[in-house]
Amino acid sequence: MDDMRIIRAKDYNDMSRIAANIIAAQITLKPDSVLGLATGSTPIGAYKELIKKYNEGNLDFSEVRSVNLDEYKGLTKDNDQSYDYFMKENLFNHVNIKAENCHIPNGIAEDDEAECRRYDEILEKNPRDLQLLGLGLNGHIGFNEPNDHFAKGTHLIQLTESTIEANSRFFESYEATPKAAFTMGIKSIMQAGKILLCVSGKSKAQILRDLIHGPITPQVPASILQLHNDVIVVADEDALSLM
Ligand code: GLP
């Protein structure tokens with residue numbers, strides 16, 4: 001497990017601060033970095049820290065390019081629950097990243113297959129220097145749900161009950177929660193030069209342990225990260241409580 005560095009953070013804020021420092025170092029060392037970005041509640045604190053560094057004049061996003069992991073099927077960009085909206089709200093609108101340099105799957109694409117191929121081409125043109133990841137309760141990364149195989153490229157995925165349930169906290173009801181999403185594939189995630197996985201909270205303790213110490217299996221999609229040679233896990237004490 002030499003390739004997986006685990007950084008123990010005190011709590012969510014500490015995790016966010018450390019993650020932001022790593023991302024900031026990446027941008028400082030390589031101003032035209034390609035960042036793979038993630039949504040969910042986990043990275044919000046890190047994005048806040050990055051905005052702070054930008055406002056203090058310590059960070060420049062003008063040459064940064066970004067590709068996001070996933071997007072709900074059926075949500076328009078102006079829907080406040082779309083991941084497009086989330087990224088603008090939580091990061092892009094507050095720093096000097098160029099809109100044309102930010103990529104995210106189009107949730108309302110008419111042709112699913114064509115949208116997946118379009119996104120794969122974007123990924124090919126934008127090899128990620130650093131991929132930021134959160135962790136789903138069932139071990140999903142992006143929206144790569146537990147499965148009998150590891151998906152390679154961008155695909156449309158039917159979300160599992162547990163994920164729909166978890167995401168429903170942001171929607172009016174379970175029924176109103178999207179049941180499908182476009183997601184980057186596992187192979188694309190693994191192609192990033194460096195992976196930064198952020199995990200916070202007791203509810204993630206068991207799955208974090210499985211991903212680090214369990215067998216590598218598509219039933220725990222994040223377990224594939226054991227095979228990547230440059231993974232940094234920043235996890236808080238609650239998330240590491242079973243280790
Ligand atoms: C969603 C996102 C993932 C995210 C996961 C965990 O399903 N597609 O990218 O990592 O939720 O979310 P949270 O950080 O809110 O626990």
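Here a student and a tutor talk through how some terms apply to this predicted model.

Tutor: Local features need pLDDT of at least 70, side-chain atom pairs count only at pLDDT 80 or more, and totals for chains, interfaces and linings use all residues. Residues are numbered from 1 along each chain as its sequence is written, and side-chain values use heavy atoms, with hydrogens and water left out.

Student: What makes a residue near the ligand, and how many residues surround the ligand?

Tutor: One of its heavy atoms must lie within 4 Å. There are 13 such residues, and the closest are Ser 41, Thr 42, Asp 70, His 140 and Lys 204.

Student: Why is the pair formed by the ligand and Asp 70 called a polar contact?

Tutor: A polar contact is a pair of N or O atoms within 3.5 Å; within protein, one must be able to donate a hydrogen and the other to accept it, and residues adjacent in sequence count only if both atoms are side-chain atoms. A ligand nitrogen lies 2.8 Å from an N or O atom in the Asp 70 side chain, so the pair meets the 3.5 Å limit. A ligand oxygen is 2.7 Å from such an atom of Lys 204.

Student: How do you know that Asp 129 and Lys 30 form a salt bridge?

Tutor: The rule asks for a side-chain nitrogen of Lys or Arg within 4 Å of a carboxyl oxygen of Asp or Glu. For Asp 129 and Lys 30 the closest N and O atoms are 2.9 Å apart, so the pair qualifies. By this rule there are twelve salt bridges.
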